[in-house]
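Colleague: I'd like to practise reading a model with you. Can we pick a residue to begin with and then move on to the sheets?

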Amino acid sequence: MTNQRVYPSNDYMQPSEGEPIRSVIVESEHSTIVAWHVEPGQRIAPHTHPEGQDTWTILSGQGLYQVDAQGLTVSIVTGDVVVAQKGQVHGVLCTSGDPLRFISVVAPLAAGYEPI
């Protein structure tokens with residue numbers, strides 16, 4: 001186990017011309033913390049975590065956050081905290097001219113992942 005407790009999020013943001021890159025900052029038996037950098041027009045496909053929760057803290061940008069399997073979306077912006085509880089569908093499309101950057105905390109570690 002590491003003694004590191006401070007992780008500069010900018011060190012983990014990975015721009016990509018293809019799919020957004022899931023960059024793990026730190027993982028423990030309790031959770032996975034991930035940095036996301038989503039370019040304008042890029043999408044994180046809708047999915048669920050059947051055994052856990054995914055909480056996003058939006059650092060910059062804006063997007064359309066998908067909240068169900070039918071494609072219903074809500075707007076998210078810098079400063080929002082977005083919560084998908086156990087089994088809830090979520091995904092996002094970056095709609096701003098700048099990248100959408102956020103930190104995701106998935107808990108517990110064994111939350112699972114299922115694409116929609």
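Modeller: Start with glutamine 42: leaving out residues up to four places away in sequence, glutamine 42 touches Ser16, Glu17, Gly18, Glu19, Pro20, His37, Val92, Leu93 and Cys94. Contact here means heavy atoms within 4.5 Å. Keep in mind that this is a predicted model, where local features need pLDDT of at least 70, side-chain atom pairs count only at pLDDT 80 or more, and totals for chains, interfaces and linings use all residues. Residues are numbered from 1 along each chain as its sequence is written, and side-chain values use heavy atoms, with hydrogens and water left out.

Colleague: Where does glutamine 42 sit?

Modeller: Glutamine 42 is in the loop between strand 2 (32–38) and strand 3 (43–48). Strands (E, at least two residues) are DSSP runs, numbered from the N terminus.

Colleague: And why does glutamine 42 count as buried?

Modeller: Buried means under 20% relative accessible area, exposed over 50%, and partly exposed in between, with a 1.4 Å probe and protein chains only. Glutamine 42 counts as buried because its relative accessibility is 9%.

Colleague: Which backbone oxygen does the side chain of glutamine 42 reach?

Modeller: That of glycine 18, at 2.5 Å.

Colleague: On to the sheets. What is the order of the open sheet that has strand 4 in it?

Modeller: Two strands pair if DSSP finds at least two bridges between them. Here 5 strands line up as 1-2-9-4-7, with antiparallel pairing. Strand 1 (23–27) and strand 7 are at the edges with a single partner strand each, so one side of each has no neighbour in the sheet. From one strand to the next, the twist averages 20 degrees; axes are lines fitted to C-alpha atoms, and angles run from 0 to 180 degrees between N-to-C directions.

Colleague: How many bridges join strand 4 to strand 9?

Modeller: 7, between residues 53–60 and residues 100–107, running antiparallel. Tryptophan 56 has serine 104 as its bridge partner in strand 9. On to strand 7 (residues 81–84), strand 4 has 4 bridges, also antiparallel, and threonine 57 is partnered there by valine 81. Strand 2 joins strand 9 through 7 antiparallel bridges, with alanine 35 opposite isoleucine 103.

Colleague: What about the side chains in a regular strand?

Modeller: They alternate between the two faces of the sheet.

Colleague: Which strands are at the edges of the open sheet 6-5-8-3-10?

Modeller: That antiparallel sheet has 5 strands, and its edges are strand 6 (73–77) and strand 10 (114–115), each pairing on one side only. Strand 5 (residues 62–66) meets strand 6 over 5 antiparallel bridges, where leucine 64 partners serine 75.

Definitions and conventions:
A polar contact is a pair of N or O atoms within 3.5 Å; within protein, one must be able to donate a hydrogen and the other to accept it, and residues adjacent in sequence count only if both atoms are side-chain atoms.
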